[in-house]
Amino acid sequence: MKYTGAEILMRSLLQEKVEVIFGYPGGANMPIYDALYFYGKKFRHILVRHEQGAAHAAEGYARVTGKPGVCLVTSGPGATNLVTGIADAMMDSVPMVCITGQVAAEFLGSDAFQEADVVGITTPITKWNCQLTHAEEIPEAIAKAFYIASHGRPGPVVIDITKNAQFEKAEFKYPKNFYVKKLKTVNKFNSGDIKKAAEIINKAKKPLMLVGHGVLISKAEKEVLQVIEKTGMVAASTLHGLSSIPFDHPLYVGMIGMHGNYSPNKLTNSADVILAVGMRFDDRVTGKLSEYVPKAKVIHIDIDESEHHKNVRAHFPLLGNVKDVLKSLMPYLKKNNHDEWLGDFKELDKKELEFEKIRQQKNKNKITMNVVLSLLSEKTKNEAVIVADVGQNQMFSARYYKYKNPDSYITSGGLGTMGFALPATMGAKVGAPKRLVFAVIGDGGFQMTIQELGTIMQEKMPIKILLLNNEYLGMVRQWQQLFFEKRYSFTHMQNPDFINIAKSYGIKGEQVMERKKLEIALDRFINFQGPYLLEVKVEKEDNIFPMVATGTSVDDVRLE
Amino acid sequence: MSRFTVDIIVENRHGVLYRIAGLLTKRKINIERINAYAVKGDGISKIFFTADIEEKIVDTVVKQIDKIIEVIDIKYHKAKL
């Protein structure tokens with residue numbers, strides 16, 4: 001029996017056990033939407049308000065489920081609107097399959113209505129992409145797309161399907177075997193490498209583990225704990241590694257990087273062994289690269305060979321899935337403890353705490369972002385999923401929410417996409433319906449994708465939006481204050497009445513301006529059944545510290 | 001900066017050369033010479049290019065090219081001037 005290309009696409013997506021599609025119809029994907037009309041009961045289709053929202057929602061879904069998020073958009077502007085989200089997924093290793101409609105094959109290259117070279121545009125920001133001009137090509141391309149997006153280091157894939165291929169009829173046969181090179185053999189470490197690495201760890205006096213996103217992607221949280229508990233190794237996390245180790249683990253010393261904690265930044269350069277686990281030594285983590293980890297032997301576990309030696313030269317690169325490498329490493333590790341080394345961290349933690357206290361004293365009756373996040377953490381028993389936007393709100397969420405369970409902190413780390421949080425929260429809620437999911441957003445980022453309130457309304461998504469409003473683009477303002485002599489160039493924002501905006505979307509909203517009303521407002525916010533916007537008017541010129549200023553070394557981390 | 005020759009075997013699909021060139025563009029590497037041809041009947045193509053690349057990044061760039069799904073094999077060596 002023959003089916004149209006659009007139906008073949010539906011059947012292929014069913015083969016991949018797709019549950020939800022974030023999409024937007026248009027001229028060049030109408031046959032697919034027509035097929036969705038009939039297959040609609042088998043998928044949940046969520047109509048976003050802008051294609052960028054679809055991409056971030058797919059990312060949010062992928063981040064909590066580990067499965068590829070799926071977007072379906074039309075040609076030209078539909079596809080180009082996805083671009084920011086695709087680039088974001090590429091930077092943060094998020095599995096995503098984007099299906100874009102394309103003008104009919106006979107019009108390709110003719111500058112037809114809503115034609116854009118989508119394969120050309122998305123090549124540098126995808127793991128793989130292709131254009132299909134015949135219905136019969138669809139099954140294999142979809143099978144490859146899902147395989148590539150989710151195997152090895154995950155990433156986004158774009159499948160561009162011309163309109164004629166959607167109409168055309170062909171047999172449906174879903175391939176069981178198809179050729180995709182290399183990704184099959186992700187583990188290339190051997191027992192010799194493992195033994196050598198273990199020996200280095202066993203001899204270390206000041207070993208430091210740095211956990212990254214790879215730990216969460218490969219679900220190696222348990223293995224990480226086994227390794228640190230056996231070796232007594234101190235562990236710190238990158239922004240994307242957050243929530244892989246529970247905040248209260250005795251060997252966990254907090255976050256590294258530009259706005260990380262004081263002790264792990266200060267002491268990174270004192271370590272004699274760095275065990276980097278599924279992280280890529282981003283410039284926000286390393287600070288001044290030429291002064292980074294001068295005394296350490298670096299063991300770098302990563303699934304992507306091109307990450308080894310890219311930024312930091314590794315003495316022992318271990319190529320493979322984090323979980324598998326750690327499992328292999330375990331039997332060779334000796335029971336040990338490094339209490340003195342851990343004590344060095346605890347000593348510096350006291351210093352950070354002192355500053356924290358002074359700060360709190362100074363802001364006693366004011367609402368600062370750290371207070372809001374600390375209270376939210378406490379009131380949700382540290383169990384919620386926090387989807388942070390970009391800027392100060394992101395760093396306060398990273399530092400003051402106490403993450404207890406894995407996959408609880410989602411943000412745009414690599415690309416730093418403002419506007420990420422609201423749509424990503426929709427995807428996260430769809431992927432983890434039983435968990436409490438909060439978007440934490442500033443007034444700038446909120447207005448970049450605010451249109452998705454419409455999606456939340458239509459889909460009746462019980463999403464909690466915590467809007468931290470300081471009437472500034474806070475992080476840029478902080479830099480202007482610290483490095484540009486307080487020249488606040490175009491960072492002040494005159495904002496609309498956000499509560500009324502929410503109201504017009506049928507979303508309940510509340511504004512808090514006084515510290516004494518904050519707690520009760522948070523209670524109402526958390527306990528409300530359904531979508532809710534809590535706008536907190538926070539201190540306007542509050543800063544996030546500690547901070548490793550650009551171009552300085554991590555041990556130059558400043559407390560104020 | 002040293003001159004390197006990179007030899008690549010790829011699946012013969014459209015867009016592969018563009019993907020390779022893109023990885024070079026990203027690092028502002030200019031191709032000095034390039035040769036590419038399809039191997040008859042095998043569904044593969046061979047690509048050779050020569051470019052001036054900083055020694056400390058050449059290995060990473062080559063590994064990034066190697067990540068391209070259609071790249072089957074890649075080798076590089078210093079070019080004879």
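**Exercise 1. Finding your way around chain A**

Into which domains is chain A divided? Work out how two of them meet.

*Solution.* Keep in mind that you're looking at a predicted model, with scores of ipTM 0.96 and pTM 0.97.

Step 1: Walk along chain A and mark off domain 1 (2-171), domain 2 (191-344) and domain 3 (364-537).

Step 2: Now pick domain 2 and domain 3 of chain A, and go from centre to centre over the C-alpha atoms: that's 31 Å.

Step 3: Look at where these two touch. Domain 2 of chain A puts 11 residues into the contact, and domain 3 of chain A puts in 14 residues.

Step 4: Sort the residues on the domain 2 side of chain A, the side that touches domain 3 of chain A. You get 6 nonpolar, 4 polar and 1 charged.

**Exercise 2. Reading a sheet**

Find the open sheet of 6 strands in chain A and give the strand order. Then say which strands sit at the edges.

*Solution.* A quick reminder to start: strands of a sheet pair through backbone hydrogen bonds, either parallel or antiparallel.

Step 1: Read across the sheet in chain A. The order is β3-β2-β4-β5-β7-β6, and the pairing is parallel.

Step 2: Check the two ends. In chain A, β3 (44-47) and β6 (128-132) each pair on one side only, and they are the edge strands.

Step 3: What about the twist? On average, and ignoring direction, neighbouring strands of this sheet are turned by 20° against each other.

Step 4: Zoom in on one edge. β6 of chain A runs parallel to β7 (residues 156-162) of chain A, and 5 bridges join the two. As for single residues, A:C130 has A:I159 of β7(A) opposite.

**Exercise 3. Chain B and its contact with chain A**

Describe residues 5-79 of chain B, then work out what chain B brings to its contact with chain A.

*Solution.*

Step 1: How confident is the predictor here? Chain B has a mean pLDDT of 95, and 99% of its residues reach 70 or more.

Step 2: Check the record. UniProt, in an unreviewed entry, places the feature "domain: ACT" at residues 5-79 of chain B. Over that stretch, chain B is 31% helix and 45% strand, and the C-alpha atoms at the ends are 5 Å apart.

Step 3: Look at the contact itself: 12 residues of chain B are in contact with 11 residues of chain A. Helices α1 (16-26) and α2 (55-66) of chain B each supply at least two residues of the side that touches chain A.

Step 4: Sort that side of chain B by residue type. The split is 3 nonpolar, 4 polar and 5 charged.

Terms used:
Residues are numbered from 1 along each chain as its sequence is written. Chains are lettered from A and ligands numbered from 1 in the order in which they are written. This is a predicted model: local features need pLDDT of at least 70, side-chain atom pairs count only at pLDDT 80 or more; totals for chains, interfaces and linings use all residues. Two strands pair if DSSP finds at least two bridges between them. Helices (H or I, at least four residues) and strands (E, at least two) are DSSP runs, numbered from the N terminus. Axes are lines fitted to C-alpha atoms, for helices over the stretch in contact, and angles run from 0 to 180 degrees between N-to-C directions. pLDDT is the predictor's confidence in each residue, from 0 to 100. UniProt positions are given in the numbering used here, feature names are shortened, and annotations may be inferred rather than shown by experiment. Domain bounds come from an automatic or database domain assignment. Two residues are in contact if their C-beta atoms, placed from the backbone, lie within 7 Å. Ala, Val, Leu, Ile, Met, Phe, Trp, Tyr, Cys and Pro count as nonpolar, Asp, Glu, Lys and Arg as charged, and the others, Gly among them, as polar.
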